[in-house]
Amino acid sequence: MTVLFLKELRSNWRSFRYPAFLLILLFFAILDPLMLKYMNEIISYFATGMEIIMPDPTPEAAFLSYLSDVSQIGIMVLIFMAMGMVAREKENGVTGWLLSKPIGRWQYLAAKLLALYSVIIIGLIACSALAYLYTMSLLGQAALNGSILATICLLVFTIYIATITFTFSTLLKTPLLAGGPTLLLFFLSGIINMLITNSDAANFYPNTLLSLMKPLLESTATAADLTWPMAVTTILILLMILLAGYRFSKMEI
Amino acid sequence: MAGERNKIKGYAIEARGLTKEFPGHKALDNVDFYVKRGSIHGFLGPNGAGKTTAIKVILGLIPATTGRVKVLGEPLYFGSKHNFLRYLNYLPQDPVFPEGLTGREALHLVADIYKLDREKKNERIDRLLKYFQLDDAAGRRVGAYSRGMQQRLGVAAVLLTEPELLVLDEPVSALDPEGRRRVLELIIKLKGRATVFFSSHILDDVERVCDYVTIIDRGRKLLDAGINDLLNRYAVEQYLVTVRPEHADRAAKLILKNQSVSRIIPQLGKLLVVSEPGRSSAIPEELLPELIRQGIIVTEFTQNRTNLEEAFFKILEESHHGEVAR
């Protein structure tokens, strides 16, 4: 298991998939607080002859800007990064080669999933901490509790999307076949979220985790508001892992 | 340990009634074969015969539609983790390695999967890289290797773990003559110490190294036999006769008159004499004394043995004729 886990980290690092994702996180962690701090100066530089007055940036707005960018562009990069994690190896024969050795099928999948989750967890925590500290140095301190909870929301949602990508990558034959439905589902779930945002159904919807980031940062929502969307998302993650594992255990390689 | 388990009697691979159906296509049709422990067993057949499908079934990568397989005495159940995989190593037709790894890292990965101890691992990896002339390229990524280098690395990865059963799918297809020689030499050295089950379309190589062969075509087993039995069974008895050039025409007329002779084929100053079926032994007994009696000076009279390639095509031809007749 450790051998496969390390192989997964090394392969994805060398093929620049993990670095690409981490660089995107780092990019937003550095750029967003800076952009918000100097937004008025940037606008006045480009919009000469007009007077546009922006409200003074708050630390919460800067941190939220980072979280929002990661929840959109960061997650799209993640989908591209992870769409081939199983499908590519099935396609090029590496899966067959590995499974002809004393490696269980669940073990093979678990190593991949653990490597992916590790990169997401470490990357998001490190970059969120960086974004928080950088925001603090430029604009002042954002609410710590709210920032931690909002980061946890983003983390769980990112793991949820990563698991969808992993599941499609396991079930389907090629990386493109896996990436297409995941992207479609990602956009579709965003649209559905807009439609149900004011209904009770939103409590049981994974995208609500993203909707809660702003109220958490502004201290208008509490940890208790996370209970249902977090529980539902976690259950969905577990169900998808079970589905992928079960189908893979019966799959012709 | 490799070799120890080979002392156990029984088969390394037992496949009974193996059938594999894909939608609209039967890749294997009730195939039986048995691979003896410690033997080198060739698995032959034209492209699309079902060789790779059979290998994938044996490795547990795809399920058989019907039939039973035992590997190293352990029954195969598709989807289960099998103990025999610890003693087996497989080389695919086109060796592949995880993306981004160097040649040395790929071998370390294999060694770690099979849990080789560190000292043994490093010593074996160095030795194999050197033997397969990959030591200079060991630090380069496998993706940048030529096909031949990848195949050499694949063979090294198989030998690294000293497995009891080696399953090799076309192990020398991409190798240059020197690479082929090295791999075949190693396979010959394994005889009696490990079981080698390998598919190949290079019949010359199979004839050189194998004890037994199984031939399949269009999913059906045509034959399995010891290589010598096979060659004897399908030996179209032929004799090469060389006479003085001035006696050639007279010798040809005389040979053709013999009732045991089916035909003669001139070959670069020699005469290839083909016997009537079942009458091959009469040729040296009758023909040679007759030629000498007639004053023809015979400088060469040798049996031209059938090789595996001729036997292989004859078996395929018989199978196709049989199908047409049915």
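Hi everyone. Let me start with chain A: buried residues make up 42% of its 253 residues. Before I go on, please keep in mind that this is a predicted model. For the complex, the predictor gives an ipTM of 0.87 and a pTM of 0.84.

So, chain A. Its secondary structure comes to twelve helices and zero strands. If you read the elements from the N terminus on, you get α-α-α-α-α-α-α-α-α-α-α-α. Along the principal axes, the C-alpha atoms of chain A fill a box of roughly 65 × 40 × 30 Å. How does the radius of gyration of chain A compare with that of a compact globule? A compact globule with 253 residues would come out near 18 Å, and chain A has 20 Å, which agrees. There is also a contact statistic here. Taking contacts in chain A between residues at least 6 apart in sequence, 83% join residues at least 24 apart.

Now for chain B. Here we have ten helices and 14 strands. The average pLDDT of chain B is 88, and 94% of the residues score at least 70. As a general caution, where pLDDT is low, the predicted coordinates should not be read in detail. Of the 326 residues of chain B, 40% count as buried. The box filled by the C-alpha atoms of chain B, again along the principal axes, is roughly 75 × 50 × 40 Å. For contacts in chain B between residues at least 6 apart in sequence, 69% join residues at least 24 apart.

Chain B is divided into domain 1, residues 5-232, and domain 2, residues 236-304. Taken over C-alpha atoms, the centres of domain 1 and domain 2 of chain B are separated by 44 Å.

Next, where the chains meet. How many residues does the contact take from each chain? It takes 21 residues from chain A and 19 residues from chain B. On the side of chain A that touches chain B, the elements giving two or more residues are helix 1 (2-14) and helix 6 (94-99) of chain A. Helix 1 of chain A gives the most to that side, with five residues. In character, the residues on that side of chain A divide into seven nonpolar, eight polar and six charged.

Let me zoom in on the strands of chain B. Four of them form an open sheet in the order 2-1-4-5, and the pairing is antiparallel. The edge strands are strand 2 (25-36) and strand 5 (74-75) of chain B, each of which pairs on one side only. Strand 4 of chain B, residues 66-71, pairs with strand 5 of chain B in the antiparallel sense over two bridges. In that pairing, Val71(B) stands opposite Glu74(B) in strand 5.

Further along the chain, strand 12 (residues 261-267) and strand 13 (residues 270-275) of chain B pair in the antiparallel sense over six bridges. These two strands form a hairpin with two residues between them, and Leu268(B) in the turn has a positive phi of about 45 degrees. Across the pair, Pro266(B) stands opposite Leu271(B) in strand 13 of chain B.

That positive phi leads me to backbone angles. Most residues other than glycine have a negative phi. Glu170(B) is not a glycine, yet has a positive phi of about 50 degrees. You will find Glu170(B) in the loop between strand 7 (165-169) and helix 5 (177-190) of chain B. Arg218(B) also has a positive phi, near 45 degrees, and sits in the loop between strand 9 (212-217) and strand 10 (220-226) of chain B. Glu170(B) counts as partly exposed because 19 C-beta neighbours lie inside 10 Å. Arg218(B) has 18 such neighbours inside 10 Å, so this residue counts as partly exposed too.

One last residue: His41(B), found in strand 3 (residues 40-44) of chain B. Why does His41(B) count as buried? Because 23 other C-beta atoms lie within 10 Å, and the cut-off for buried is 20 or more. Leaving out residues up to four places away in sequence, His41(B) touches several residues, including Val35(B), Val196(B), Phe197(B) and Cys210(B). Asp211(B), Tyr212(B) and Thr214(B) are also touched by His41(B). As for Arg181(B), 140 residues from His41(B) along the chain, the two C-alpha atoms are separated by 18 Å.

That's my tour; thanks for listening!

Terms used
Residues are numbered from 1 along each chain as its sequence is written. Chains are lettered from A and ligands numbered from 1 in the order in which they are written. This is a predicted model: local features need pLDDT of at least 70, side-chain atom pairs count only at pLDDT 80 or more; totals for chains, interfaces and linings use all residues. Two residues are in contact if their C-beta atoms, placed from the backbone, lie within 7 Å. Helices (H or I, at least four residues) and strands (E, at least two) are DSSP runs, numbered from the N terminus. Ala, Val, Leu, Ile, Met, Phe, Trp, Tyr, Cys and Pro count as nonpolar, Asp, Glu, Lys and Arg as charged, and the others, Gly among them, as polar. pLDDT is the predictor's confidence in each residue, from 0 to 100. Domain bounds come from an automatic or database domain assignment. The radius of gyration is taken over C-alpha atoms; the globule rule is 2.2 Å times the number of residues to the power 0.38. A residue is buried if 20 or more other C-beta atoms lie within 10 Å of its own, exposed if 12 or fewer, and partly exposed in between; C-beta atoms are placed from the backbone. Two strands pair if DSSP finds at least two bridges between them.
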